[in-house]
Amino acid sequence: MKGKVLSALRSADGYVSGQELCEEFGVSRTAIWKVINQLKSEGYSIEAVPNKGYHITGFPDVVSASEISSRLNTKWAGRTVKYFETIDSTNEYAKKMADEGAGHGLLVVADEQESGKGRRGRVWSSPKGKMVAMTLLLRPCMRPEKASMITLVMGLAVARACKRAAGLDVQIKWPNDIVINGKKLCGILTEMGAEMNEIHYLVIGTGINVNIEEFPEELSDMATSLLAELGKRVSRAQLIQYCLEEFEKCYDIFMETQDMTGLMEEYNSLLVNREREVCVMEPGNEYRGTARGINKEGELLIETEDGSIKEVYAGEVSVRGIYGYV
Ligand code: BTN
């Protein structure tokens, strides 16, 4: 209800009368008045003028369930939103919900994570009010070995969303980072509940550095934020909206073939490591080569010194530039 009222106020050109809202949602004036007061207490500026109605004039940078629901135009992605002011990790919560039977498209969002998880057991810092920290639950009918491609699909969606929300041309560092000017802007951690032949669920956790002013010295050469690149703040809710809308479109294309056929060209055009010399680090094996782009299975093609092409599967592998992160 709160999300619906917010959506009606947002899309109105000027004032919306209390009566119109009552009729549209089939509730009393008091119920509408209560929702308006709740929204005000969450930081929205709403003018109430007798005989005219309500007019929304200011939006706080919140990522609450009602804020996100009031924006979304998706068919299934994020149609149910679970929001937390503080949580340990949105991925951990989404996995719990998946075990309890939550459905395809559930979105878990937090304003702050206390134990955000990165890849390879690393910690992912998620300070309050400055990041996008979200996890999308999927239940695809697909073989488990295809799951790692979903990270690439989300990467593409985030890149498109950054362009829409901030006008920035970001790049993708295969398999799970979004970078800009050689620094990391976003990381994606996909986890799976599966049996040999069947995926029970996937959770795709996405962390985007949005309005972070400054990074600790040890990270400042490697990490950046939209604020740092753009010089102005970006609405986190709008970024989430665009990520989900773009993800849904990309996912539909992906599921037609269950591979990257329909997305490969765009993905490769955004690949930061393309035609660059990289160092591939697999458990117990490290080698150099030139990254040539992904194939339709989402594997990174590396041309080694002897001219042969290796297909690198996005499992426990890390690909770095030979002089640093990119
Ligand atoms: C990485 O680059 O190592 C992946 C980082 C993934 C971070 C996100 S933030 C939302 C979700 N919840 C987590 O605990 N991790 C992911």
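1. The asparagine at position 211, Asn-211, is located in the loop that runs between strand E9 and helix H7 (226–230). The model discussed in this note is a predicted one. Asn-211 counts as buried because its relative accessibility is 0%, and the cut-off for a buried residue is under 20%. Its side chain takes part in two contacts. One is a polar contact with the side chain of Asp-61, at 3.3 Å. In the other, the side chain of Asn-211 reaches the backbone nitrogen of Val-234 at 3.0 Å.

2. The note turns next to the ligand. Which residues come nearest to the ligand? Among the 21 residues around the ligand, these are Ser-89, Gln-113, Lys-117, Arg-119 and Lys-184. For three of these residues, individual atom pairs can be described. In the side chain of Ser-89, an N or O atom is 2.7 Å from an oxygen atom of the ligand. Gln-113 places a polar side-chain atom 2.9 Å from a nitrogen atom of the ligand. With Arg-119, the partner is a polar backbone atom, which is 2.6 Å from an oxygen atom of the ligand. On its own the ligand has 410 Å² of accessible area, and the protein covers 98% of it.

3. The setting of the ligand can also be described by pocket, by element and by residue class. The ligand takes up the space of the largest pocket. Four elements each supply at least two residues of the shell around the ligand: helix H5 (90–99), strand E5 (131–138), strand E8 (183–195) and strand E9 (198–209). Which element gives the most to this shell? The answer is E8, with four residues. By class, 12 residues of the shell are polar, five are nonpolar and four are charged.

4. The loop between strand E1 (45–49) and strand E2 (53–58) contains Pro-50. Pro-50 counts as exposed because its relative accessibility is 69%, where the cut-off for exposed is over 50%. Pro-50 and Arg-10 are 40 residues apart along the chain, and their C-alpha atoms are separated by 19 Å. Asn-51 is also placed in the loop between E1 and E2. With a relative accessible area of 85%, Asn-51 is therefore exposed. The backbone of Asn-51 deserves attention: phi is positive, about 70 degrees, although the residue is not a glycine. Most residues other than glycine have a negative phi.

5. A positive phi is found at Glu-275 as well, with a value of about 60 degrees, and this residue is not a glycine either. Where does Glu-275 lie? Its place is the loop between helix H9 (264–269) and strand E10 (277–282). Is Glu-275 buried, partly exposed or exposed? At 46% relative accessibility, Glu-275 counts as partly exposed, because that class covers values between the 20% limit for buried and the 50% limit for exposed.

6. The peptide bond that joins Trp-174 and Pro-175 is cis, with omega at about 0 degrees. Most peptide bonds are trans. Pro-175 is situated in the loop between strand E6 (171–173) and strand E7 (177–180).

7. Two further loop positions may be read together. Lys-75 is in the loop between helix H4 (65–71) and strand E3 (81–84). Its relative accessible area is 61%, so Lys-75 is exposed. Measured by position in the sequence, Lys-75 and Ser-41 are 34 residues apart, while their C-alpha atoms are 30 Å apart in space. Ser-115 belongs to the loop between strand E4 (107–110) and E5. Ser-115 counts as partly exposed because its relative accessibility is 42%. From Ser-115 to Lys-95 the separation is 20 residues in sequence and 15 Å in space, C-alpha to C-alpha.

8. The last point concerns a residue within a helix. Lys-249 lies in helix H8, which comprises residues 236–257. Lys-249 has a relative accessibility of 44% and therefore counts as partly exposed. Lys-249 and Lys-52 stand 197 residues apart in sequence, and the distance between their C-alpha atoms is 39 Å.

Definitions and conventions
Residues are numbered from 1 along each chain as its sequence is written. This is a predicted model: local features need pLDDT of at least 70, side-chain atom pairs count only at pLDDT 80 or more; totals for chains, interfaces and linings use all residues. Side-chain values use heavy atoms; hydrogens and water are left out. A residue is near a molecule or strand if one of its heavy atoms lies within 4 Å of it. A polar contact is a pair of N or O atoms within 3.5 Å; within protein, one must be able to donate a hydrogen and the other to accept it, and residues adjacent in sequence count only if both atoms are side-chain atoms. Accessible areas come from the Shrake-Rupley method with a 1.4 Å probe; for residues, only the protein chains shown count as cover. On a 1 Å grid over the protein atoms alone, a cavity is a set of points where a 1.4 Å probe fits but cannot get out, and a pocket is an open set with protein on both sides within 12 Å along at least five of seven lines; lining residues have an atom within 4 Å of a point. A molecule sits in a cavity or pocket if more than half of its atoms lie within 2 Å of its grid points. Ala, Val, Leu, Ile, Met, Phe, Trp, Tyr, Cys and Pro count as nonpolar, Asp, Glu, Lys and Arg as charged, and the others, Gly among them, as polar. Buried means under 20% relative accessible area, exposed over 50%, partly exposed in between (1.4 Å probe, protein chains only).
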